[in-house]
Every structure is written in C-alpha cells, then in structure tokens.
2 protein chains.
Amino acid sequence: MATGTSDRILDAALASFGSRGYDATSLDAVAKQLDIRKQTILYWFPTKEALLGSVIERSATELAEAFEVGLEGAGEGWAKVEAVVRAVFRLASRRPELLALVREVARLGPPAATKMLLVLDPLVQRASSFLEAEMTAGRMRRHDPRLLLLAIYSTVIGMVTEVEVLRALGEEPTARSLVRRRADVLGLLRSALKTEA
Amino acid sequence: MATGTSDRILDAALASFGSRGYDATSLDAVAKQLDIRKQTILYWFPTKEALLGSVIERSATELAEAFEVGLEGAGEGWAKVEAVVRAVFRLASRRPELLALVREVARLGPPAATKMLLVLDPLVQRASSFLEAEMTAGRMRRHDPRLLLLAIYSTVIGMVTEVEVLRALGEEPTARSLVRRRADVLGLLRSALKTEA
DNA sequence: GTGGCCACCTACCAAATGGTAGACAAAATC
DNA sequence: GATTTTGTCTACCATTTGGTAGGTGGCCAC
C-alpha cells in the first residue's frame, strides 16, 4: 500500500467515484475522508476532471494486469473464457471498486470512457479475435463477435455490480453469493457458447 | 403528447435523468429546456427528490404496461421469454429513456430503487416463478431462478443501454444495429436456456 | 545558516444549486 | 362584480461547488 498522499487520494476518489458516482462526489468529501484539505487534492491533481483521468488511468492498468495474470497458463479454447470470467469475479471480491468504476465510466461516456478504452482496447481486440477464431474452428456457436462480447460484458459486469437489482431479487450480496453467481454465469455461458464436439 | 405543464416537466426530467443522470441534472437546466422557470417545477413537485419519485412512478407503470402488452397472447414456455425480450427491445426503440432510467435508478439505490421496485415487483415475482416452473417441467436448464433473472436482466438491459461500450466495440447504435442485437440476444438466450426436447 | 523548493495549509471567490417568500394575472366560484 | 384559487413569475437566500492566491513550515543543498 502506497502511503504517498497522491495515492491515498486516488484510492479514495476511486472508491467514491465507483460507489457514489462522479457527479455526486465532491472534492471536499474526498478530502474530509482523508483528513486533508481540498487544496491538497488540487495540488496533486489540477482539476476534478484530471483526478478522474488519473483514477481511470491507474485503474485501467490494474484491470489489464488482472486479466493478464488471469490468462497466464490458462490453456486454450473454452478454458480461456473461464479464466477471464474467474479473473473478473476475483476482482469483484478483492477490488470491487475497480468494476464499479468501469460501470460508472461507461455511463459517463467520453472523454472519460475514451481514456479508459485507450488502455483496455488491446484486450478488447484480443478477446474479439479470440472469439472469432474459436467460432471458425467450430468450438463455439456462431455469433457476431462484437455483440457477443457486449453480451458477455453486460452479463458479467451486471452479475458483479448490480447490487441493487440483486437485493430486489431477494439475494444478499455476500461473499458466498458471489461464488454462486460465478458458478451460475459460467454455467450459463458454457451452455450458451460451447458446442458439443 | 400530454400538454399539461406537469407532464411536460416529467417528460423532460425523465429524459435528463436517464441520459445525464440524476445528480448531473439541475432543475434550472430542465426548466430552461421547457422555457419555464425553476419555480414552476417546484410548484408542481415540492423537491427535486419528489420529482424523481414521480418520474419513477410514472415510468414504472408504463414499463409494467409494456410488459403486459408484450405478454398478451404470447403463448407458453419459451415463447414467453421471447415475448418479454421483444417487448424490451420495442421499448428500446420507442422509449429508450425508460430503460435508461431503469439503469440510473438501479445505480442510485434506495430510496429511488425501492420506489421503482414497488411497482415492478409483481412482474419480478411472476417471472421468477415462471422460470421455476419451466425448469421443473424440464423445458429449461436448471439454474437458480433469481440469479438467472439477474443474468437475463443484465444482458438485455446492457445490450440496450450500454451505448458507450457498444461504440467501444466499433458498433454504432443505429436502429439496424438494435435489430441485430435483439436477434443476437434471443439466439444466445435460446441456446443457453432451452433444453433439446 | 540561508536560499529555495516541496507539500500542505488558510483565506477567499464566483458560479451554481435546491429551495423560500411573495407578487400578480387569469380563471373559476360565489 | 367581488373574491378566491390556480399557475407562473421575480426576487432572494444559504449552501455547496470547483478553483485561485498566497502564506508557512520543514527539509535539503550549498
């Protein structure tokens, strides 16, 4: 844990942007939480937007790393999809703020979304061409790879971040529930995508 | 188009809450868009929160109606799932603000989310027990009905409202694309859920 | 020890925000 | 015709917001 002030600011901002949302997060609130003054935040990050930018940059890098680690020695074919899904659920339990931020940034749109994509785009491309290859090899059902990716993204990110909907369905968002959700998603994706052969 | 002032306010607020988000929507902005004064809004709705409440109430009712209409004479079993998905995509093309609001309200959490759920809960219960019945009848693969519902919700709402992610994947959110997305979702759900028999 | 820089602070500020008080004209009620 | 009610407005207000200006103490190089 980096104890540098700027890192502490980034941590607190990440958490607040993810949970409360960017607009509902005031610099004063972040500062108060860290027991520093707002001007210290503005010393490290010239504007609130710049702070968001830095949060996104750092988070996107961490996300990318988590995926890489998850994919290390993950085998081929279907095992790769499973590895990625497992990586996301691992993040959901260890660093839920990261996924909440992804959700928030997707909602904010450009320029925030553009910035995040800049880092994540290589992964997206790899994922897309991987799916494409699996399909042409007949190991996965045919779909538009991009739409399939959106569907997978929505499902997984939803299962992991839609806490309110989860509650509405009468399921409490505990650690145990997360494991069940992971099993469910994997089961769903397997039967949706994998071909018999 | 209802020409009553309070209805016009509700329309504009719905659109802004859905697209910009609740926090980023100011009463002044809504008023300006309608060429009235903020105080007129506060005459019809005592506070901003109350305005959100009314927007939610009206939208939830409209949503519920849309589902009912979609389900009318929709046949049994899998046809029902298809009818619901089609109803959502019809809304996505005719009243996208409604779905954007659902997304925003889910993000805001209680008390807004609670209010929306109050109206939508019967539908949720019906859907849940429908899925349960289909599974015990062996017409659908076994899953936890609630988690399955969350997965379906996430996928469909995501395919319909995640415009930024869609763009990131290189697909423009046109009307034609919406039709393709609907076909894709239906295909995915069918192979994920339907049993062979 | 002193000059300079770094990290953080206090003191402000202008704009925007949700909300209150009350005037006023038109329409409805008697 | 007088009076009340309804809908909208102007005029304010307190608070919060992101951001500026500038000071201060500690530390390091010399």
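## A tour from the chain pair to the DNA

Start with the two protein chains of this predicted model: between chain A and chain B there are six salt bridges. To see one of them, select B:Arg180 and A:Asp144, whose side chains meet at 2.2 Å, N to O. Polar contacts across this interface come to 11 residue pairs, with both partners at pLDDT 80 or more.

Now color chain A by helix. On the side that touches chain B, helices H6 (96-108), H7 (112-136), H8 (145-161), H9 (163-168) and H10 (175-193) each supply at least two residues. H8(A) has the largest share, with 11 residues. Sort that side of chain A by class and you get 20 nonpolar, nine polar and 15 charged residues.

Zoom out to the whole interface. Here 44 residues of chain A are in contact with 44 of chain B, and about 3900 Å² is buried, 64% of it from carbon and sulfur atoms. Pick out A:Arg107, A:Leu147 and A:Leu169: in chain A they lose the most area to chain B, together 17% of what that side buries.

Next stop, DNA strand C. Show the 15 residues that surround it; the closest are A:Thr5, A:Thr40, A:Trp44, B:Lys38 and B:Lys48. Of the strand's atoms within 4 Å of the protein, 59% belong to sugar and phosphate.

Which part of the DNA does A:Gln39 approach with a polar side-chain atom? Select A:Gln39 and you'll find a base nitrogen of strand C 2.8 Å away. For A:Tyr43, look instead at a phosphate oxygen, 2.9 Å from an N or O atom of its side chain. Finish on helix H3 of chain A, which gives the most to the surface near strand C: four residues.

Terms used: Residues are numbered from 1 along each chain as its sequence is written. Chains are lettered from A and ligands numbered from 1 in the order in which they are written. This is a predicted model: local features need pLDDT of at least 70, side-chain atom pairs count only at pLDDT 80 or more; totals for chains, interfaces and linings use all residues. Side-chain values use heavy atoms; hydrogens and water are left out. A residue is near a molecule or strand if one of its heavy atoms lies within 4 Å of it. A polar contact is a pair of N or O atoms within 3.5 Å; within protein, one must be able to donate a hydrogen and the other to accept it, and residues adjacent in sequence count only if both atoms are side-chain atoms. Contact means heavy atoms within 4.5 Å. Buried area is the accessible area (1.4 Å probe) that two parts lose on being put together, summed over both. A salt bridge is a side-chain nitrogen of Lys or Arg within 4 Å of a carboxyl oxygen of Asp or Glu. Ala, Val, Leu, Ile, Met, Phe, Trp, Tyr, Cys and Pro count as nonpolar, Asp, Glu, Lys and Arg as charged, and the others, Gly among them, as polar.
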